[in-house]
Amino acid sequence: MISVSEALDKVLALVTPLAPETVDLRHAAGRVLAADIVATRDQPPFAASVMDGYAVRNADVVAGAKLRVIGEAAAGHRFDGAVGQGEAVRIFTGAPVPDGADRVIIQEDVHPDGDSITLSDAMDSSMYIRPLGTDFKVGDRIAAGRRLTPADVALAASMNVPELQVARRPDVALIATGDELVMPGETPEDSQIIASNAFGLAAMLEAEGARVRLLPIAGDSAEALASAFDLAKGADLVVTIGGASVGDHDLVGQVAAGLGLDRSFYKVAMRPGKPLMAGRLGDMPMVGLPGNPVSSMVCGHIFLRPSIRVFQGLPAASMPRETARLAVPVEANGPREHYMRAALKPDGTVTVLERQDSSLLSVLASADCLVVRAPHDPAREAGDEVAIVRL
Ligand SMILES: Nc1nc2c(c(=O)[nH]1)N[C@H]1C(S)=C(S)[C@@H](COP(=O)(O)OP(=O)(O)OC[C@H]3O[C@@H](n4cnc5c(N)ncnc54)[C@H](O)[C@@H]3O)O[C@H]1N2
Ligand code: MOO
């Protein structure tokens, strides 16, 4: 059995970044930027008023001074003249500051009287002018290689860049296998259960930017599995769920081998997730996940999320680890790296949940992180520091 870190290296070695595509701004959030965004204008493109008030010459600003109002500037409507000595222009937030003016007095500090204003005795000392290009200048960039946030999309729009180059979203085909499985909403027979794993994994991978195809459940026969692999053709990644272990009905490895799988590894010193496999099927990477629901989801976090990131041009890396202090002691670990479902408290301590069976989705759903225990990690006391991966 290989270690988790060796297995991750081998999975990531199967994955290559996809070619970029062009999307409009409305579809750019969450995508990974593939080419720098370059501002085609300055923002603001003129010195702009920060407040509603009066544009004046700073030299004229003396408590009690009386100034003549010679016009108005509003957002989208420049005042074409210039502000001379003893003059003011009524101005609103976002309007271009007229020539000659170098300060805006907020209207709260002014007494208007017909065509003139009188400055009050105690005035706010700010200039209230945003210089041209305060936010960004022509040629400023958003660098490629980042996942675009809502703020990035707003910034790109402001830079007047309506279309962006982003990494294509990887197409992932998910194959759930097992005679016992029926789809949610169907009526299971006596010995059947509801297929859940593909739904959790699809949600997880789509959140990373993948497009997921849920293929029809494949029964436990070589023919059913082979036709499921056939349906997966054209995907960037095929993921099977279940049938990975050593039982008579665990056929995934055998069928994939028959279809020409160039296997990278089978079995990882990991708990849960031991019967994981990966390899290349033709030109398509394949990952075979164990069927136990928590095993498949934990393997999804540890191996598939980093893969979806690499497809989109993000760096090859394991899921980030943090440290937390144990709220309660834990027993010594066995020979496999253990990813224990755990709950974080607001004080930053972490409690390993009592039941760690890999079938318990209710426990996974109540966990917010995995405590990572190295193989043969000794027993730990409350207060000891442990590595965690957030879910
Ligand atoms: N003799 C041994 N038996 C097992 C070993 C072993 O080393 N020696 N390993 C165990 C471990 S660890 C795991 S994990 C499981 C994984 O087995 P498979 O990948 O073959 O999974 P299945 O047998 O198909 O299913 C296991 C379990 O999960 C349920 N399942 C499967 N798919 C789904 C799905 N899409 N949604 C919900 N539940 C699913 C299935 O009904 C089984 O209950 O093997 C151990 N055995
Ligand atoms: O490795 Mo299995 O995934 O423990 O339940």
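This report covers a mixed sheet, two helices that pack on it, and the shell around a ligand. The model is predicted.

**The sheet**

Six strands form an open sheet with mixed pairing. Their order is E16-E13-E17-E21-E20-E18. Strand E16 (211-214) and strand E18 (262-266) stand at the edges. Each has a single partner strand, so one side of each is left without a neighbour in the sheet. From one strand to the next, the twist averages 20°.

One pairing can be followed in detail. Strand E20 covers residues 277-281, and strand E21 covers residues 284-289. The two pair in the antiparallel sense over 5 bridges. Here methionine 277 stands opposite glycine 288 in E21.

**Helices on the sheet**

Two helices contact the strands. Helix H1 lies across E18, E20 and E21. Helix H3 packs on the sheet and touches E13 (171-176), E16 and E17 (237-241). The table gives their residues and directions.

| Helix | Residues | Strands touched | Angle |
|---|---|---|---|
| H1 | 4-13 | E18, E20, E21 | about 160° to E18 |
| H3 | 197-207 | E13, E16, E17 | about 165° with E13 |

**Around ligand 1**

Which residues are closest to ligand 1? They are Gly242, Ala244, Ser245, Pro290 and Gly291. In total, 26 residues surround the ligand. H3 supplies at least two residues of this shell, and so does helix H6 (293-311). H3 thus has two roles in this picture: it packs on the sheet, and it contributes to the shell around ligand 1.

How do the shell residues divide by character, and how many are charged? There are 12 nonpolar, 11 polar and 3 charged residues.

Conventions. Residues numbered from 1 in each chain as written. Chains lettered and ligands numbered in written order. Predicted model: local features only at pLDDT ≥ 70, side-chain atom pairs only at ≥ 80, totals over all residues. Pairing = 2+ DSSP bridges. Helix = DSSP H or I, 4+ residues; strand = E, 2+ residues; numbered from the N terminus. Axes fitted to C-alpha atoms, helices over the stretch in contact; angles between N-to-C directions. Contact = placed C-beta atoms within 7 Å. Near = placed C-beta within 6 Å. Nonpolar A, V, L, I, M, F, W, Y, C, P; charged D, E, K, R; others polar.
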